[in-house]
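Biologist: I would be grateful for a close look at a single part of this model, beginning at the place where a chain leaves a helix and then working outward. Please describe the surroundings of that part and the packing elsewhere in connected form.

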Amino acid sequence: MVRDLSTTLCGVELDNPIIPASGTFGFGAEMADVYDINILGSISFKGTTLDSRFGNPTPRIAECSAGMINSVGLQNPGIDAVINHELPELRKRFHKPIIANISGFSIDEYTECCRRIDSEKQVEIIEVNVSCPNVHNGGMAFGTSPESAAAVTAAVKAVTTKPVFIKLSPNVTDIVSIARACEDAGADGLTLINTMLGMRIDIARRRPVIANKMGGFSGRAIFPVAVRMVYQVANACKIPVIGCGGVATAEDAVEMMMAGASAVQVGAENLRNPFACKQIIENLPKVMERLGIERLRDIIGIVK
Amino acid sequence: MKHVVFEIVSNRALTDSVYEMVLAGDTSAITRPGQFVELSLEGLFLRRPISVCNYDEGKLTLIYKVVGKGTEQMAHLTQGTKIDALTGLGNGFNDETKCNAPLLVGGGVGVPPLYRLTRNLIAKGKQVTVVLGFNTAAEIFYREQFEALGAKVIVATADGSYGVKGFVTDAIKESGAKADYFYSCGPLPMLRALTTALDIDGEISLEERMGCGFGICMGCSIMTTAGAKRVCKEGPVFKKEEIVW
């Protein structure tokens, strides 16, 4: 039997639910040399800001048990360079819908980025990152209160016709209230979770491993937290959820969808296994067969 | 980049903390000296980047120093063990420059990538001088191997227990070696002192803590005179003038 892997995000049809998470796939060009990236459902490109950013000092990376901490700090060439250089390069290699991941340090910056990306045809979804733990005065600050998350959502919705997904932070006391605030402010969908704020100390040198001291913890270790939050939010909101956080296998993707995700992003696993997304997509039909799933979309939120 | 499962042919200690691991497997993705491989190790989330010391068809030599959990685990691996690796990573040394008398300067575990470079340069008929810097005589490795390639080898030890007493820069000055190009890999203070001391063009291999090792995570970015670059992708080898000290 042919297994149906397709899914839909706000009318955007995806051949399968697997999407490399922002920041773990660059702008796709490097990965196109590794395998045919057209097998992916979509790509969420590297978090982009209005102006180019070098990001944080190194070391930016720390190893953890079943995961890692990064403190890249939104290094990117800026929205205009992304539109003029990165997207044309990606278009040559990728013919599926693209998710534009946008970050900012003020509401004006978010809206200006979204306004500029709005005319890019292949960008079918805008993912607004209000959850970056690695920059001060912005990023996660917008995603840690319902009011500010709603303010960003409403402002962005006013300047684009594309579906807007708000990418939420797990570093909050009540993710449901923030998710609902985004939904009420007009968000078309939600992506969760971004990384968890973490820290490692080099006990021989008696100092933080990461130059910026703290960073975003990701990888397999955060998977149960992500499943829990996706479950809570999917049950509290009507808009679709993209599940993200610690996904490493086809079974993880199925679990995330059963929790309520309409699509699944794969993040840190790409860094240790460049073939992670490809292997998950290839394994999904086998896992579906074993579990008696004909159409993947039938299991979205099936666990109550 | 290529994904290859290697098999360990040998894994032996060269000094108290430095080991040489010879692997059998497909090396076709490695195109230049100075590139690196990334090894997947049991129980560790991120792969570990290790510079390539030497490569031939079906055979790869790595030299590594035990500095943490990853390299500690490597030191205990035995012959016949399979290792999952990504190979042919990074942009290595350019061995096709027009120089005639290159000077290769390695400090500590910065020495290994210079081995295959020396081999290539000698094969091209260059007069190669290799300067190896260590802290003390007990830490010296691969001196004979460099000599066997036909290079003029000068060793410096910080404590004077072997060769020239002092740093590689002292050894270069003392030897009066005439060079028209340099290649170097080693600790940052050494690279900086060397770049200041030499008024010839050259290439430097840098080290940085990496996330992916193949250019997608921006974990190892440095600011160069030509903008932000990734040590794992545009590097680890950079032209002298690109480095911002």
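Modeller: A term is needed at the outset: helices are DSSP runs of H or I with at least four residues, strands are runs of E with at least two, and both are numbered from the N terminus. The model is predicted. The part chosen is helix 2 of chain B, which is followed by Gly125(B), a residue with a positive phi near 80 degrees.

Helix 2 spans residues 113–123 of chain B and is mostly covered, with 8 of its 11 residues buried. The buried residues are Pro113(B), Leu114(B), Tyr115(B), Arg116(B), Leu117(B), Thr118(B), Asn120(B) and Leu121(B). Among the elements that cover them are strand 4 (48–56), strand 7 (102–107), strand 8 (129–134), helix 3 (143–149) and strand 11 (181–185) of chain B.

One of these covering elements, strand 4, leads to a further feature of chain B. Strand 4 belongs to a closed barrel of 6 strands in the order 1-2-5-4-3-6, with antiparallel pairing. From one strand to the next, the twist averages 45 degrees. Strand 3 of chain B (residues 36–40) pairs with strand 4 in the antiparallel sense over 4 bridges, and there Phe36(B) stands opposite Ser51(B). Strand 3 also pairs with strand 6 (residues 82–89) of chain B, again antiparallel and over 4 bridges; within that pairing, Ser40(B) has Asp84(B) as its bridge partner. Of the 5 residues of strand 3, 4 are buried, so the strand is largely enclosed by the rest of the structure. Elsewhere in the barrel, strand 2 (residues 18–24) and strand 5 (residues 59–65) of chain B are joined by 7 bridges in the antiparallel sense, and Lys65(B) is the bridge partner of Val18(B).

Chain A supplies a parallel counterpart to this account. Strand 16 of chain A (residues 261–266) has 6 of its 6 residues buried, so it is largely enclosed by the rest of the structure. Strand 3 (residues 18–20) of chain A runs parallel to strand 16 and is joined to it by 3 bridges, while strand 15 (residues 241–244) of chain A pairs with strand 16 in the parallel sense over 4 bridges. Gln265(A) in strand 16 stands opposite Ile19(A) and also opposite Cys244(A).

Helix packing in chain A completes the picture. Two packed helices are described by the angle between their axes and the distance between the axes. Helix 4 (residues 146–157) and helix 5 (residues 175–184) of chain A pack at about 30 degrees, with their axes 8 Å apart. Because angles under 35 degrees count as roughly parallel, helix 4 of chain A is roughly parallel to helix 5 of chain A. Their crossing is right-handed. Pro146(A), Ala149(A), Ala150(A) and Thr153(A) of helix 4 make the contact with Ser177(A), Ile178(A), Ala181(A) and Cys182(A) of helix 5. By class, this contact has 6 nonpolar, 2 polar and no charged residues.

Helix 7 (residues 250–259) and helix 9 (residues 276–291) of chain A pack at an angle of about 65 degrees, with axes 8 Å apart. That angle makes helix 7 of chain A roughly perpendicular to helix 9 of chain A, and the crossing of helix 7 and helix 9 is right-handed. The contact of helix 7 with helix 9 has 7 nonpolar, 1 polar and 2 charged residues.

Note on methods:
Residues are numbered from 1 along each chain as its sequence is written. Chains are lettered from A and ligands numbered from 1 in the order in which they are written. This is a predicted model: local features need pLDDT of at least 70, side-chain atom pairs count only at pLDDT 80 or more; totals for chains, interfaces and linings use all residues. Side-chain values use heavy atoms; hydrogens and water are left out. Axes are lines fitted to C-alpha atoms, for helices over the stretch in contact, and angles run from 0 to 180 degrees between N-to-C directions. Angles under 35 degrees count as roughly parallel, over 145 as roughly antiparallel, 65 to 115 as roughly perpendicular and the rest as oblique. A crossing is left-handed if the near helix is turned anticlockwise from the far one by less than a right angle, and right-handed if clockwise. Ala, Val, Leu, Ile, Met, Phe, Trp, Tyr, Cys and Pro count as nonpolar, Asp, Glu, Lys and Arg as charged, and the others, Gly among them, as polar. Two strands pair if DSSP finds at least two bridges between them. Buried means under 20% relative accessible area, exposed over 50%, partly exposed in between (1.4 Å probe, protein chains only). Contact means heavy atoms within 4.5 Å.
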